[in-house]
Amino acid sequence: MAQYHDIYRQGAPQNVAYNAAGGASVQSTTFGPQTHWIRVTAPGVLSATSGLRIKVGDNPTADATSTLLPVNWVEYIHVTPGQKIAVISNDTVTGMLGALEAS
């Protein structure tokens, strides 16, 4: 496992298509057995309400109170192998969350 920020072994990439706010939360596939960090980002157009709601866990569901990930922002999240990330839009836009597993 990496001890310093930005020193990671890149793993499998995932793309998670997310629904607009009010739709269903969508989960990624299970993170690999050596995954301890994920890098997530969601390209998009900035607006007053743009962004995604994300939640990491064994069987997560993202909702309106979950952590906000702004569009075009790169975030590193410490995870446990076997977990997943759930995502839903913060507004009426749909799109794709990019998640890169890292160890």
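**Reading sheets, loops and burial in a predicted model**

Mentor: Serine 50 lies in the loop between strand E3 (37-41) and strand E4 (52-57). This is a predicted model, and serine 50 is a convenient place to begin.

Trainee: Is serine 50 buried or exposed?

Mentor: Burial is read from the relative accessible area, and a residue counts as buried under 20%. Serine 50 has a relative accessible area of 15%, so it is buried.

Trainee: Which residues are in contact with serine 50, leaving aside its neighbours within four places in sequence?

Mentor: A contact list shows what surrounds a residue. For serine 50, with those neighbours left aside, the list is Val45, Val71, Asn90 and Asp91.

Trainee: How should one read the sheets, and in what order do the strands stand in the sheet that holds E7?

Mentor: One reads the order of the strands across the sheet and the sense of their pairing. In this case four strands form an open sheet, ordered E2-E7-E4-E5, with antiparallel pairing. E2 and E5 are the edge strands, each of which pairs on one side only.

Trainee: How many bridges join the strands of that sheet, beginning with E4 and E7?

Mentor: Six bridges pair E4 with E7 in the antiparallel sense. Strand E2 (residues 26-27) is also antiparallel to E7, and two bridges connect them. On the other side of E4, three bridges join E4 to E5, and these two strands likewise run antiparallel.

Trainee: Which residues stand opposite one another across these strands?

Mentor: One can follow a row of partners across the sheet. Valine 26 stands opposite valine 87 in E7. Isoleucine 54 also stands opposite valine 87 in E7, and isoleucine 54 has threonine 67 in E5 opposite it as well.

Trainee: Why is strand E7 described as largely enclosed by the rest of the structure?

Mentor: The reasoning rests on a count of buried residues. In strand E7 (residues 84-89), six of the six residues are buried, so the strand is largely enclosed by the rest of the structure. Both of its faces are covered. Lys84, Ala86 and Ile88 are buried on one side, and Ile85, Val87 and Ser89 are buried on the other.

Trainee: What is the strand order in the sheet that contains E3?

Mentor: Four strands form that open sheet in the order E1-E8-E3-E6, and the pairing is antiparallel. Its edge strands are strand E1 (10-18) and E6, each pairing on one side only. From one strand to the next, the twist averages 25 degrees.

Trainee: How many bridges join E3 to E6, and what is the bridge partner of valine 40?

Mentor: Four bridges join E3 to E6, and the two strands run antiparallel. The bridge partner of valine 40 is glutamate 75, in E6.

Trainee: Where does proline 70 lie, and how is its accessibility to be read?

Mentor: Proline 70 lies in the loop between strand E5 (67-69) and strand E6 (75-78). The partly exposed class lies between the buried limit of 20% and the exposed limit of 50%. Proline 70 has 34% relative accessibility and therefore counts as partly exposed. A distance can be added to this picture: the C-alpha atoms of proline 70 and glycine 23 are separated by 19 Å, and the two residues are 47 residues apart along the chain.

Trainee: What backbone feature does asparagine 72 have?

Mentor: The angle to inspect is phi. Asparagine 72 is not a glycine, yet it has a positive phi of about 65 degrees. Asparagine 72 is placed in the loop between E5 and E6, and its relative accessibility is 45%, so it counts as partly exposed.

Note on methods: Residues numbered from 1 in each chain as written. Predicted model: local features only at pLDDT ≥ 70, side-chain atom pairs only at ≥ 80, totals over all residues. Heavy atoms only, no water. Buried < 20%, exposed > 50% of the residue type's maximum accessible area, 1.4 Å probe, protein only. Contact = heavy atoms within 4.5 Å. Pairing = 2+ DSSP bridges. Axes fitted to C-alpha atoms, helices over the stretch in contact; angles between N-to-C directions.
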